[in-house]
Amino acid sequence: MTGNLGSSRHLGNIDLARLFDAPPALPNANWPSLEGRFDASGYLTSHSDVVALMVFEHQMYMMNLLTRIGWEARGH
């Protein structure tokens with residue numbers, strides 16, 4: 001995730017191996033761009049939109065709820 005989200009902490013760019021480190025050990029996760037982090041030449045842009053990522057997260061949460069309701073209604 002790129003951009004400046006201010007002082008808010010998020011786990012968007014945290015290495016999963018360090019996920020359970022104490023909060024002071026977690027680095028600032030605000031990255032201005034992905035340049036130098038990995039080869040992003042196959043992507044349209046090296047930037048991301050936090051609002052679009054949040055909307056996608058909510059959509060996937062709802063789809064998972066609907067899928068679970070369907071399974072439980074059929075008795076699985």
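A residue is termed buried when its relative accessible area is under 20%, exposed when that area is over 50%, and partly exposed in between. By this criterion, 17% of the 76 residues in the chain are buried. The structure under discussion is a predicted model, and the description below proceeds from the whole chain to its helix and then to individual residues.

The accessible surface of the chain amounts to about 6400 Å², and carbon and sulfur atoms account for 62% of that area. With regard to contacts in the chain between residues at least 6 apart in sequence, 43% connect residues that are at least 24 apart. The secondary structure consists of one helix and zero strands.

That helix, H1, covers residues 50-73. It comprises 24 residues, and the distance from its first C-alpha to its last is 35 Å, close to the 34 Å expected at 1.5 Å a residue. Just after H1, Gly-75 adopts a positive phi of about 85 degrees.

Helix H1 also contains both partners of a salt bridge, Arg-68 and Glu-72, which are four residues apart, about one turn of the helix. Their side chains meet with an N to O distance of 2.7 Å. The criterion for such a pair is a side-chain nitrogen of Lys or Arg within 4 Å of a carboxyl oxygen of Asp or Glu. In general, side chains of opposite charge can pair when their charged atoms come close. Arg-68 and Glu-72 are both exposed. A search of the whole structure yields one salt bridge.

A nonpolar surface patch of about 810 Å² is formed by Phe-56, Met-60, Tyr-61, Met-62, Met-63, Leu-65, Leu-66 and Ile-69. One of these residues, Met-60, illustrates how membership is decided. Met-60 is located in helix H1. Its relative accessibility is 35%, and therefore Met-60 counts as partly exposed. A patch is made of residues with over 30% relative accessible area and no salt bridge, and nonpolar side chains are joined within 5 Å. The value of 35% for Met-60 is thus to be read against the 30% cut-off for patches, as well as against the limits for buried and exposed residues.

The segment before H1 includes Gly-12. This glycine is classed as partly exposed because its relative accessible area is 44%, a value between the limits of 20% and 50%. Gly-12 and Asn-30 are 18 residues apart along the chain, and their C-alpha atoms are separated by 8.9 Å.

Terms used. Residues numbered from 1 in each chain as written. Predicted model: local features only at pLDDT ≥ 70, side-chain atom pairs only at ≥ 80, totals over all residues. Heavy atoms only, no water. Patch = residues over 30% accessible without salt bridge, like charges linked within 9 Å, V, L, I, M, F, W, Y side chains within 5 Å. Areas by Shrake-Rupley, 256 points an atom, 1.4 Å probe, with all protein chains shown as cover. Helix = DSSP H or I, 4+ residues; strand = E, 2+ residues; numbered from the N terminus. Buried < 20%, exposed > 50% of the residue type's maximum accessible area, 1.4 Å probe, protein only. Contact = heavy atoms within 4.5 Å. Expected span 1.5 Å × (residues − 1).
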